[in-house]
Amino acid sequence: VALWTGLTFVGFFTPIRDLFPNLIAWQLSGWETFWILFYAFATYGNAGYLREQVCKYMCPYARFQGAMFDPDTLIISYDQARGEPRATGKKREGLGDCIECTMCVQVCPTGIDIRDGLQIDCIACGACIDACDEVMTKVQKPLGLIRYSTANLLEGKPSRILRPRVAIYAALLLALMLTIVIGISQRKLLLLDVLRDRNALYRVASDGRTENAFTLKITNKQRESSCYDILLIAPAALQLSKRQSAVCVDGRSTLAWPITITALQPLASRQLEFAIALQSQQDPELRRVENSRFFSPIEGSYETK
Ligand code: SF4
Ligand code: SF4
């Protein structure tokens, strides 16, 4: 399970369809191997070895929850007025309903005794409620010795559900959900990066033309494969070869597409701004434009070799 978690995590950052065949063929890159083993180790360490220590000392949930509580908050509570004095034995006169069976402590994943009051280690799993209800059923007492209740109710005071903090938390939650919905609806279905060839700023061909090499990194986030026109938005002196001006990318994948831009005549300056537009052939509305620069040797002339 730990290894599977590692693979799934790494699959977020590298094409997951290639990851499994590469793993079987022992052809994973060094970084992929490192991060798969790292996440597998972290998963095994947290879920297999540290277990409840993660809940007690590492998870911020309990601390966060504690800061949001007030006396009207529903919490898992032991009814002291009903349960105390606790004791074992069949003679129950003068005793509370708790028969000291310790089932609530035994089932608790963080090993706490809820009868000592609400503690920061409680992860509100409710296991102690179920365990105690089973015991109460067996001893023919009313259920709910441990139950969801509020501090005010347990003290016999009135408790309110609707209060300002509930409205504030609900508004914050709504704002968060709206942000997520807007983020998903505005998600870009097409990404484009124009990466310059790192080996050479420019290349002068045998016929004297200057060439700049780029790699287009095209990410198609749609389910279906899609074909795109690659349009060069630049002065007429720059040209993109026709055979490089269209590309098809599989659904949910990224493609590296090498292109070469050529200056047909000497340029007036060493640098020339241009843009690459990627436009879907199926849906012309789906379009991405990225800017870059073309470099030539010497202002107004070609360097010939
Ligand atoms: S499970 Fe219920 S009866 Fe048993 S010790 Fe806990 S509170 Fe008491
Ligand atoms: S709710 Fe879960 S974590 Fe909290 S005391 Fe009960 S069993 Fe333990």
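Start by selecting Phe 12: with a relative accessibility of 67%, Phe 12 is exposed (exposed means over 50% relative accessible area, buried under 20% and partly exposed in between, using a 1.4 Å probe and protein chains only). Before you click on, know that this is a predicted model, where local features need pLDDT of at least 70, side-chain atom pairs count only at pLDDT 80 or more, and totals for chains, interfaces and linings use all residues. Residues are numbered from 1 along each chain as its sequence is written, chains are lettered from A and ligands numbered from 1 in the order in which they are written, and side-chain values use heavy atoms, with hydrogens and water left out.

**Stop 1: the rings**

Keep Phe 12 on screen and add Phe 9, which is partly exposed at 37% relative accessible area. Rings of Phe, Tyr and Trp (for Trp, the six-membered ring) pair if their centres lie within 6.5 Å; planes under 30 degrees apart are called stacked, over 60 edge-to-face, and the rest tilted. By this rule there are 10 aromatic pairs. Why is the pair of Phe 9 and Phe 12 edge-to-face? Their ring centres are 6.5 Å apart and their planes sit at 75°, so the pair gets that label.

Now pick Phe 34 and Trp 35, another edge-to-face pair, with 4.9 Å from centre to centre and 75° between the planes. Phe 34 is partly exposed at 41%, and Trp 35 is partly exposed at 34%. To see the cluster that ring pairs link together, select Phe 9, Phe 12, Trp 31, Phe 34, Trp 35, Phe 38 and Tyr 39.

**Stop 2: the largest pocket**

Which residues line the largest pocket? Select Gly 11, Phe 12, Phe 13, Thr 14, Pro 15, Ile 16, Arg 17, Asp 18, Asp 250, Arg 252, Ser 253 and Thr 254. On a 1 Å grid over the protein atoms alone, a pocket is an open set of points with protein on both sides within 12 Å along at least five of seven lines, and lining residues have an atom within 4 Å of a point. Helix 2 (16-24) and strand 9 (253-263) each give two or more residues to this lining. Helices (H or I, at least four residues) and strands (E, at least two) are DSSP runs, numbered from the N terminus. Helix 2 gives the most, with 3 residues.

**Stop 3: the two ligands**

Go to ligand 1, which has 13 residues around it (near means a heavy atom within 4 Å). The closest are Cys 98, Cys 101, Thr 102, Cys 104 and Cys 132. Color helix 7 (103-106) and helix 8 (127-138), since each supplies at least two residues of this shell.

Hop over to ligand 2, also surrounded by 13 residues. Nearest here are Cys 108, Cys 122, Cys 125, Gly 126 and Cys 128.

**Stop 4: paired strands**

Show strand 6 (residues 226-233) with strand 8 (residues 246-249): they run antiparallel, joined by 4 bridges. Two strands pair if DSSP finds at least two bridges between them. Click Tyr 228, and look for its bridge partner Val 247 in strand 8. Strand 6 also runs antiparallel to strand 10 (residues 271-280), with 6 bridges. There, Leu 232 has Ile 276 as its bridge partner.

**Last stop: Phe 69**

Where is Phe 69 placed? Look in the loop between helix 5 (61-68) and strand 1 (75-78). Phe 69 is partly exposed, at 29%. Finally, put a distance label between Phe 69 and Pro 21: they are 48 residues apart in sequence and 50 Å apart in space, C-alpha to C-alpha.

Terms used: On a 1 Å grid over the protein atoms alone, a cavity is a set of points where a 1.4 Å probe fits but cannot get out, and a pocket is an open set with protein on both sides within 12 Å along at least five of seven lines; lining residues have an atom within 4 Å of a point.
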